Amino acid sequence: MKALTYLGPGKKELMEKPKPKIEKETDAIVKIIKTTICGTDLHILSGDVPTVEEGRILGHEGVGIIEEVGSAVKNFKKGDRVLISCITSCGKCENCKKGLYAHCEDGGWILGHLIDGTQAEYVRIPHADNSLYPIPEGVDEETLVMLSDILPTGFEIGVLNGKVQPGQTVAIIGAGPVGMAALLTAQFYSPAEIIMVDLDDNRLEVAKKFGATQVVNSADGKAVEKIMELTGGKGVDVAMEAVGIPATFDICQEIVKPGGYIANIGVHGKSVEFHIEKLWIRNITLTTGLVNTTSTPMLLKTVQSKKLKPEQLITHRFAFSDIMKAYEVFGNAAKEKALKVIISNS
């Protein structure tokens, strides 16, 4: 089968790899129909995730059709159409029983990280009963790819960790796909203001269409001053970091008001300065996290009901044979006006 393979920092190639096989009775083999590229994949290629070995098939998002199941899989059968969760969970360990699927003792974020992932014609899914979701009739498969990772990530690690409440002022630093997912799902809780911050005017215009009440272009280095002006000098109740670099984390520290929350969503490859000398007295809460995907069933229902329309995030579509071009477009998002790309294997 063909698969997008990591060959070390800055190196990747679409190449032939062996088709995966059932290794444990709880496995399923899924034929990929639709997949996508995540910002985390770019972090891997930048060398920010050294636990990814050379030769690994990338990708942790997608929808597909069950090709084969292990003898212990009870919830799925050959031919079922499924949504693949970016997080693998056994459902039985101490962490899974607490809903901390991200730290499953035999799973967590392993697809495209510690085991081969979804940017391939086929993928092996461990603990299939707990790591796949049936696709409801009539729901668009492209839309569901957004539920593999970015929507639960933006919602759980941004909105829920940030404790967004009605009437609050929220700032989201980074208008990429995860930042946009946080913007869409923050509106479940009716904040009074959502300020979107980014370097790219095109993404800021899109953010306005998605519900941002204010936008700030941070290219001039004056984002903090602009946000403080917009908030009458008070700062924001919730600052979400959705990029993963020191500069954007610094903005969050400067704009959070006393009693506020900094919800870090971004994947950081470098250390940041945490200004405890300023923040110790301000009663702020700082959260970090890897998505647990406990919200996926709820989000799936909101998509079914058309209350949530994540298909708005899709800007480009490619055949699987053009995945290298998809990476080029996604990696030059500002120039290409790209948010999420859909890669189809048909």
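The questions and answers below go through a predicted model of one protein chain.

Colleague: How many helices and strands does the protein chain have?
Modeller: The model is predicted, so the count rests on computed coordinates. The protein chain comes out with 13 helices and 15 strands.

Colleague: What radius of gyration does the globule rule give for 346 residues, and what is that of the protein chain?
Modeller: The C-alpha trace spans about 60 × 40 × 40 Å along its principal axes. For 346 residues the globule rule gives 20 Å, and the chain is close to that, so it is as compact as a globular protein of that length. The radius of gyration of the protein chain is 20 Å.

Colleague: Among contacts between residues at least 6 apart in sequence, what share joins residues at least 24 apart?
Modeller: Of the 346 residues, 55% count as buried. The accessible surface comes to about 14900 Å², with 50% of it belonging to carbon and sulfur atoms. Among the contacts you ask about, the share joining residues at least 24 apart is 69%.

Colleague: In what order do the 6 strands of the open sheet run?
Modeller: The pairing in this sheet is parallel. Its edge strands, each pairing on one side only, are S10 (214-217) and S13 (285-287). Neighbouring strands are turned by 15 degrees against each other on average, direction ignored. The order is S10-S9-S8-S11-S12-S13.

Colleague: Which residue in S10 is the bridge partner of Asp198?
Modeller: Strand S9 covers residues 193-198 and pairs with S10 in the parallel sense over 4 bridges. Asp198 has its bridge partner in S10, and that partner is Asn217.

Colleague: At about what angle to S12 does helix H9 run?
Modeller: Helix H8 (residues 223-230) lies across S8, S9, S10 and S11, at about 160 degrees to S10. Helix H9 (residues 246-255) packs on the sheet too, touching S8, S11, S12 and S13. The direction of H9 makes with that of S12 an angle of about 155 degrees.

Colleague: Which residue of S6 is the bridge partner of Val30?
Modeller: Strand S3 (residues 28-35) and S6 run antiparallel and are joined by 4 bridges. In S6 (residues 122-125), Tyr122 and Arg124 point one way, Val123 and Ile125 point the other way, and all are buried. The partner of Val30 is Val123.

Colleague: Which helix gives the most to the largest nonpolar core?
Modeller: Nonpolar side chains tend to be buried together in soluble globular proteins. Here the largest nonpolar core has 69 residues, of which Met180, Leu183, Met196 and Met240 touch the most other members. With 7 residues (the helix spans 177-186), the one that gives the most is H6.

Colleague: How many residues does the other core have?
Modeller: Met196, in the largest core, touches residues including Ile172, Met180, Leu183, Leu204 and Val215. Another core lies apart from that one, with Ile173, Val216, Phe249 and Ile262 among its members. The number of residues in this other core is 17.

Colleague: Is Asp48 buried or partly exposed?
Modeller: Asp48 lies in the loop between helix H1 (39-45) and strand S4 (62-69). Leaving aside neighbours within four places in sequence, Asp48 is in contact with His43 and Gly269. Buried would require under 20% relative accessible area. At 27% relative accessibility, Asp48 counts as partly exposed.

Colleague: How far apart in space are Asp48 and His268, C-alpha to C-alpha?
Modeller: In sequence, Asp48 and His268 are 220 residues apart. In space, the C-alpha to C-alpha distance is 7.5 Å.

Terms used. Residues numbered from 1 in each chain as written. Predicted model: local features only at pLDDT ≥ 70, side-chain atom pairs only at ≥ 80, totals over all residues. Heavy atoms only, no water. Pairing = 2+ DSSP bridges. Helix = DSSP H or I, 4+ residues; strand = E, 2+ residues; numbered from the N terminus. Axes fitted to C-alpha atoms, helices over the stretch in contact; angles between N-to-C directions. Contact = heavy atoms within 4.5 Å. Buried < 20%, exposed > 50% of the residue type's maximum accessible area, 1.4 Å probe, protein only. Core = buried A, V, L, I, M, F, W, Y, C linked by side-chain atoms within 4.5 Å. Rg over C-alpha atoms; globule rule 2.2 N^0.38 Å. Areas by Shrake-Rupley, 256 points an atom, 1.4 Å probe, with all protein chains shown as cover.
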